[in-house]
Amino acid sequence: MSNDQVHSFPRLQFPVQEEGSSWIPYNILANTSTGYNTIAHQESGGGVREQVGNIQQAASSAYTFLSWNPNSEVMQYNFKYYSNLENIEIDKVKNLETRTFQELYLMGNEAYNSKKYHEVMHYFETALEEYFVAEEECRLLCEGPFDRNSLQDFIVAIANHFAFSLKCKQNCAEKLSFMYGEQYKNYLPSHYHYLQFAYFKVGEIKQACRAVATYLLFHGDDNTMKRNRQFYLSLEGVTEEDFTPVEEAVVYFNRDKAEKELLNYIKEYYKFDPEEFEFTEEEKSESTIPSAVEALRNGQKSKNTMEKLEENKITLVMGEKELNGSRRFVADGFATAEECNHLLYLAQVAAVNGDGYNGKKSPHTQHERFEGLTMGRAAILAKLGLVDVDKAKLLLEVSEKGRDYVQKYFKLKDDLLFTYTHLVCRTALRDPNIERFDLSHPVHADNCLLQTDGSCLKEKPAFTYRDYSAVIYLNDDFQGGDFIFAKDKNSIQVAVVKPKCGRLVGFSAGFENLHGVQAITSGRRCALAMWYTLDHSYREKERELAQEIIQDILNESLNDQTETDVSNFENIKLK
Ligand SMILES: O=C(O)CCC(=O)C(=O)O
Ligand SMILES: [Fe+2]
């Protein structure tokens, strides 16, 4: 293995410092919009009386301007004028637009060309630190204010706002890797490329391995780096564990990937349909509002306010033995009575008819109305001011509590991820005296298609990526509606779970856990249904979007709060 193999860098062009044509960098884009023209020109008009510092600054301004507009004769004249002045330190003239991390990068390059590898290490390590700070600053500037308009524009504005802010953040890497009028592709990863070589040269093999792993994080297919990896692995004392990418690069990479996916998701799937947000007269004057919900709606204190003060303890109620099957359990305590009421209210005002998948109004039985609220819709409605942001947040929190417990209960080492969160209500439509022979939800498995011969096909259109399921119940003031674990499609029950506020039933999503819901003969049964996956590519992007939206609303209200505080303070001063 030669050094050449360890060394293979992206092309980097420096400003050339030849005599005569000196200080005019390569690859210059014409740009007349920089302010340097004026600065440099004014300075030159001041003649030789200027302070040395000003001359230095003016020369740098002229140089910066020239880096964008190399053909400007006036500026070339100015620049020559400065260069010939007695007090000028020509080697200190610099491009004022070059950022610190870029200067460090360029210095690292120079050190690399002079084979000063300790310096290469120093410059690139510091350049990276500075880069991440600059990146963070750039991202902060993308958090523009949210523009509130008329309702219809407003909804469009939400989509635009988030997409804009995400896109803006995504552009940071591009902005920061613009030097001397040129876009340096692969700017951030190339730091690790240089570093691995420098570490190698000074004998810091373990560090070199980390740099290799970090580079491969960005470019897993890079053949040179893959060969380098093999080479280092062949050295004594090097193991697979040494190829752990550095933490900040992992954080950066994962965030970047998630944002890209989210942007694609918004673009492809998220339909902002203003019609969807208009409540029907029936919905507005809903007569089946439970009294506790009504109390909350009227701003009165719920009867159970005190319960909120009691810390909710989660207790396991039934395990595999009691439930007659494997990988299933029931536990209580996932929501207080008040929290259930808040979520019931949320469902009452914000859920839409249909199953949430393909708009089927009565997906399981025509004797019940089926309504659901997705996380995305809850967040958007909160953004619109149509539902309380705290309730949308509660939906996130209660479901997260459920996910966390399922992960722990089944002792899962890999992260259990949400793939779909759905607040669902089923309302009996018929006279309770009419006997029903169907189920509210026929016996099924959540990740395969149950066949008449009793087998279960794990293929599309089944949600094959669902690995675990859980349902948190919100009420018990209805008839029927028990959850059942069944032996086969003929609904031979093996266990029954009675819904009640805060109760969770959790199970693995396969054939081993056939289940269904008994007919609801009167009233309305609401539950928070959750499906989880271990496959990252199926995680619930709508939930992530909702989290961002909710966080954004909370930040906004925090800002409003601060502003109020300041005005109060000023009032006090005025008195
Ligand atoms: O609501 C329930 O109790 C269970 C619902 C269910 O099994 C499902 O939606 O897949
Ligand atoms: Fe199910």
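Here are two worked exercises on this predicted model, one on a ligand site and one on a sheet.

**Exercise 1. The shell around ligand 1**

Task: find which residues surround ligand 1, and which of them make polar side-chain contacts with its oxygen atoms.

Solution:
- Step 1. Let's begin with the shell: Arg-426, His-441, His-444, Asp-446, Val-471, Tyr-473, Phe-483, His-515, Val-517, Arg-525 and Trp-531 surround the ligand.
- Step 2. Sort these residues by type: five are nonpolar, three polar and three charged.
- Step 3. Now look for pairs of N or O atoms within 3.5 Å. The side chain of Arg-525 places an N or O atom 2.8 Å from an oxygen atom of ligand 1. For His-444, a polar side-chain atom is 3.0 Å from a ligand oxygen, and for Asp-446 the distance is 3.2 Å.
- Step 4. Check the cover: on its own ligand 1 has 290 Å² of accessible area, and the protein covers 93% of this.
- Step 5. Trace the shell back to its elements: strand 8 (439-444), strand 11 (468-473), strand 16 (515-518) and strand 17 (520-533) each give two or more residues.

**Exercise 2. The four-stranded sheet**

Task: work out the strand order of the open sheet that includes strand 8, and name its edges.

Solution:
- Step 1. Follow the antiparallel pairing to get the order 8-16-13-14.
- Step 2. Pick out the strands that pair on one side only: strand 8 and strand 14 (493-497) are the edges.
- Step 3. Add the geometry: neighbouring strands are turned by 25° against each other on average, with direction ignored.
- Step 4. Zoom in on one pair: four bridges join strand 13 (residues 483-486) to strand 14 in the antiparallel sense, and Ala-486 faces Gln-493 of strand 14.

How values were computed:
Residues are numbered from 1 along each chain as its sequence is written. Chains are lettered from A and ligands numbered from 1 in the order in which they are written. This is a predicted model: local features need pLDDT of at least 70, side-chain atom pairs count only at pLDDT 80 or more; totals for chains, interfaces and linings use all residues. Side-chain values use heavy atoms; hydrogens and water are left out. A residue is near a molecule or strand if one of its heavy atoms lies within 4 Å of it. A polar contact is a pair of N or O atoms within 3.5 Å; within protein, one must be able to donate a hydrogen and the other to accept it, and residues adjacent in sequence count only if both atoms are side-chain atoms. Accessible areas come from the Shrake-Rupley method with a 1.4 Å probe; for residues, only the protein chains shown count as cover. Ala, Val, Leu, Ile, Met, Phe, Trp, Tyr, Cys and Pro count as nonpolar, Asp, Glu, Lys and Arg as charged, and the others, Gly among them, as polar. Two strands pair if DSSP finds at least two bridges between them. Axes are lines fitted to C-alpha atoms, for helices over the stretch in contact, and angles run from 0 to 180 degrees between N-to-C directions.
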